[in-house]
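Here is a walk through one protein model, written for someone who would rather look at the fold than at tables of numbers. Have the viewer open as you read.

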Amino acid sequence: MQICSVCSEQTPKYRCPSCKIRYCSLGCYKKHKDSCLPVEKPASSNPESKDAAGSAEPLSLDDLLHEDDVIDKVPPQRLQLLGQSTELRDLLCNPHLRQLLRSVDDAESKASAMKAAMQEPLFVEFADRCLKVVEGEGNTSSSND
C-alpha cells in the first residue's frame with residue numbers, strides 16, 4: 001500500500017497535478033506546493049508541434065482506462081455515481097464553482113489550472129466530495145490535518 005509523500009503517515013487520496021506525487025490531505029498539498037517541481041513532458045520529435053503540446057487532443061475514456069497507473073483508475077460504474085449525488089448537485093448550483101470548473105476545462109495547461117483551482121476551498125470541497133462518492137464512503141472520517 002502507498003503512503004503520503006509529504007507526511008509519510010496516511011494513505012494518499014490525491015495526486016499533485018504538476019509533479020504527480022501522492023498526498024493525503026489539503027494540509028499536505030499546501031506544504032508540498034511551494035517545493036513542487038512539475039514533471040517535464042517528453043520533447044516532441046516534431047519541432048513545430050512543440051508549442052502545441054499543451055493543446056494536444058484531449059484524452060478519451062479509452063485512453064484513460066488504458067493508462068499504466070492502475071491505482072488511480074475509477075471504474076465507469078463508480079463515475080456514474082457522481083451524477084446521482086445530491087451533495088454534488090447542490091455544490092454545482094454555486095456559480096463560482098461552475099466558473100472554476102470551466103476554467104480548468106478550458107485551460108491549455110490542465111495541471112496549472114488544477115493547481116490554481118486547488119487554492120479555492122470551494123473547489124477542494126467539491127473534489128473531496130467527488131472522491132467520497134467514487135470511493136464509496138458514506139460518512140466522512142474525522143481525520144483532519
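## Around the last helix

Right after α7 comes Gly-136, whose phi is positive, near 75°. Helices like this one (H or I, at least four residues) and strands (E, at least two) are DSSP runs, numbered from the N terminus.

Before going on, some ground rules. This is a predicted model, so local features need pLDDT of at least 70 and side-chain atom pairs count only at pLDDT 80 or more, while totals for chains, interfaces and linings use all residues. Residues are numbered from 1 along each chain as its sequence is written, and side-chain values use heavy atoms, with hydrogens and water left out.

Back to α7, which covers residues 121-135. The expected span of a helix is 1.5 Å times one less than its number of residues. For the 15 residues of α7 that gives 21 Å, and the end C-alpha atoms are 21 Å apart, which agrees. Several α7 residues are buried: Leu-122, Phe-123, Val-124, Phe-126, Ala-127, Cys-130, Val-133 and Val-134. Buried here means under 20% relative accessible area, exposed means over 50%, and partly exposed is in between (1.4 Å probe, protein chains only). What covers those buried residues includes α1 (26-33), α3 (76-80), α4 (86-91), α5 (95-106) and α6 (110-117).

α7 also carries a charged pair. Glu-125 makes a salt bridge with Arg-129, with the closest N and O atoms 2.8 Å apart. The term means a side-chain nitrogen of Lys or Arg within 4 Å of a carboxyl oxygen of Asp or Glu. Side chains of opposite charge can pair when their charged atoms come close. Glu-125 and Arg-129 are four residues apart in helix α7, so about one helical turn separates them. Searching the whole structure turns up one salt bridge.

## The overall picture

The protein has seven helices and two strands, and from the N terminus on they run β-β-α-α-α-α-α-α-α. Of its 145 residues, 23% are buried. Contact means heavy atoms within 4.5 Å. Among contacts with a separation of 6 or more, 45% are between residues 24 or more positions apart.

How much does the predictor trust all this? The pLDDT, its confidence in each residue from 0 to 100, averages 75 over the protein, and 70% of the residues score at least 70. Among the elements, helix α2 (residues 61-65) has the lowest mean pLDDT, 54, and α4 has the highest, 91. Over residues 44-56 the pLDDT is below 50, and this stretch has three contacts in the model beyond near neighbours in sequence. Residues 138-145 also stay under 50, with five contacts beyond four places in sequence.

## The nonpolar core

Which residues have the most contacts inside the largest nonpolar core? They are Tyr-23, Leu-97, Met-118, Phe-123 and Phe-126, in a core of 24 residues. α1, α4, α5, α6 and α7 each supply at least two of the core's residues, and α7 gives the most, with six. Domain 1 (1-36) and domain 2 (76-135) each contribute at least three; those bounds come from an automatic or database domain assignment. A nonpolar core, by the way, is a set of buried Ala, Val, Leu, Ile, Met, Phe, Trp, Tyr and Cys residues joined through side-chain atoms within 4.5 Å.

Leaving out residues up to four places away in sequence, Leu-97 touches Leu-91, Leu-92, Leu-122, Phe-123 and Phe-126. Leu-92 lies in the loop between α4 and α5. Its contacts, leaving aside neighbours within four places, are Leu-97, Arg-98, Leu-101 and Phe-126. The C-alpha atoms of Leu-92 and Phe-126 are separated by 8.5 Å, although the two are 34 residues apart along the chain.

## A few more residues to click on

His-32 sits in helix α1 and touches Val-6, Cys-16, Cys-19 and Ile-21, not counting residues up to four places away in sequence. Ser-109 is in the loop between α5 and α6. From Ser-109 to Ser-18 is 9.9 Å, C-alpha to C-alpha, with their positions 91 residues apart in sequence.

Here is how accessible some of these residues are.

| Residue | Relative accessibility | Class |
|---|---|---|
| Glu-125 | 31% | partly exposed |
| Arg-129 | 26% | partly exposed |
| Ser-109 | 37% | partly exposed |
| His-32 | 8% | buried |
| Leu-92 | 31% | partly exposed |

Terms used
pLDDT = per-residue confidence, 0-100.
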